[in-house]
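Student: I would like to work through this chain step by step, moving from a single turn outwards to the sheet and its core. Could you take my questions in that order?

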Amino acid sequence: METPPKDEAPRHEATVTRTQQVTPLMRRITFGGEGLSDFETSGSPDERVLVRFPLDPPHARSYTVRRWQPSKNELEIDFVLHGHGGAALWAATAQPGETVHLSTTSGWFTPPAGCDWLLMVADHAALPAIGRILEEAPDGLPIHVIAQVPAPSEQQTFTTRADAHYRWIEESDSLLAELADAALPPARATSGVQSRPRPPDASAPTCVEHGKSRQTACT
């Protein structure tokens, strides 16, 4: 179930401290500053914040919190550089010292307890959420990832204690077709489907299925 945001107001000023090119089309921006001293995580591995950019006219978009390190007072967001839109264009050239404003956090994904395995299906923009879910997954849990990216250079390897398996497909391929053809391990219970709405610009996994109860959560 989604954790509703407390509000969407600009509660935290965040200052760019450094940047890193994760892939040719994915740029990681690390934010810090005193404005994050009272930042609170939602606890969801796919949590998001509404980012308000220093643009004219005003521009805001939801992004996954790729990593929050309270000991360092640092927050990381991975931006897709798709070449259009105020947020992507700002992220492509952002330099240390520039500032944005962040809302409080909210999240959608709750890791299922006692499942046999997980299946996550995502597009390019959902990879930051996939990466964080994998990083926080329990030891040895089989996780199958089907991810759609615009080029092989956009494939990523994530640090995880889980038993991760990846299937990378191109943008011309169908995620639904790949999901239908996926050879999944046996589950221990009956099938069921869950669905839930999300903001159209939220970066979160497209679909999460787990083998305990064969429930699928599609966003």
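Student: In the hairpin of E5 and E6, which residue takes a positive phi?

Tutor: Bear in mind throughout that this is a predicted model. The hairpin has four residues between strands E5 and E6, and the two strands pair in the antiparallel sense over three bridges. Within the loop that joins E5 to E6, the residue with a positive phi, near 55 degrees, is Asn73.

Student: Does Asn73 count as buried or exposed?

Tutor: Leaving aside neighbours within four places in sequence, Asn73 is in contact with Phe31, Gly32, Gly33, Glu34, Leu36, Ser37 and Trp68. Its relative accessibility is 18%, and because the cut-off for burial is under 20%, Asn73 counts as buried.

Student: Glu74 lies in strand E6; how far is Glu74 from Leu36 in space, C-alpha to C-alpha?

Tutor: Glu74 is buried, with a relative accessible area of 12%, and its contacts beyond four places in sequence are Arg18, Thr30, Phe31, Arg67, Trp68 and Gln69. Leu36 is not in that list of contacts, although Leu36 does touch Leu75. Glu74 and Leu36 are 38 residues apart in sequence, and their C-alpha to C-alpha distance is 7.7 Å.

Student: Which residues of E6 are buried on the side opposite to Glu74, Glu76, Asp78 and Val80?

Tutor: In a regular strand the side chains alternate between the two faces of the sheet. Seven of the seven residues of E6 are buried, so the strand is largely enclosed by the rest of the structure. Both faces of E6 are covered, and the buried residues on the other side are Leu75, Ile77 and Phe79.

Student: In what order do the seven strands of the open sheet run?

Tutor: Six bridges join E2 to E6, which run antiparallel, with Arg27 opposite Phe79, while Trp68 stands opposite Leu75 in the pairing of E5 with E6. Elsewhere, four bridges join E1 to E7, also antiparallel, and the partner of Glu13 in E7 is His101. The pairing in the sheet is antiparallel, and the order is E4-E3-E7-E1-E2-E6-E5.

Student: Which are the edge strands of that sheet?

Tutor: An edge strand here is one that pairs on one side only. The two ends of the order E4-E3-E7-E1-E2-E6-E5 meet that description, so with pairing requiring at least two bridges, the edge strands are E4 (59-64) and E5 (67-69).

Student: What angle does the direction of helix H1 make with that of E2?

Tutor: The twist of the sheet averages 35 degrees from one strand to the next. Helix H1 (residues 86-93) packs on the sheet, where it touches E1, E2, E3, E4, E6 and E7. The direction of H1 makes with that of E2 an angle of about 75 degrees.

Student: Within what arc do the buried residues of H1 fall?

Tutor: In H1, Ala87, Ala88, Trp90 and Ala91 are buried. Seen down the axis of H1, the buried residues line one face of the helix, and what covers them includes E1, E2, E3, E4, E6 and E7. The arc within which they fall is 165 degrees.

Student: Which residues touch the most other members of the largest nonpolar core?

Tutor: In soluble globular proteins, nonpolar side chains tend to be buried together. The largest core has 22 residues, and the elements that give two or more residues to it are E1, E2, E3, E6, H1 and E7. A second, separate core of 21 residues includes Ala122, Ile130, Leu134 and Val149. In the largest core, the residues that touch the most other members are Phe31, Leu75, Phe79 and Trp90.

Student: Which residues do ring pairs link into a cluster?

Tutor: A pair of aromatic rings is described by the distance of the centres and the angle of the planes. The structure holds eight aromatic pairs. Phe79 and Trp90, which are among the residues that touch the most other members of the largest core, also belong to the cluster, whose members are Phe53, Tyr63, Phe79 and Trp90.

Student: What percentage of the residues of the chain count as buried?

Tutor: The secondary structure of the chain comes to three helices and 13 strands. Among contacts between residues at least 6 apart in sequence, 66% join residues at least 24 apart. Of the 219 residues of the chain, the share that counts as buried is 44%.

Definitions and conventions:
Residues numbered from 1 in each chain as written. Predicted model: local features only at pLDDT ≥ 70, side-chain atom pairs only at ≥ 80, totals over all residues. Heavy atoms only, no water. Buried < 20%, exposed > 50% of the residue type's maximum accessible area, 1.4 Å probe, protein only. Contact = heavy atoms within 4.5 Å. Axes fitted to C-alpha atoms, helices over the stretch in contact; angles between N-to-C directions. Core = buried A, V, L, I, M, F, W, Y, C linked by side-chain atoms within 4.5 Å. Arc of directions from axis to C-beta. Phe/Tyr/Trp six-rings, centres within 6.5 Å; stacked < 30°, edge-to-face > 60°.
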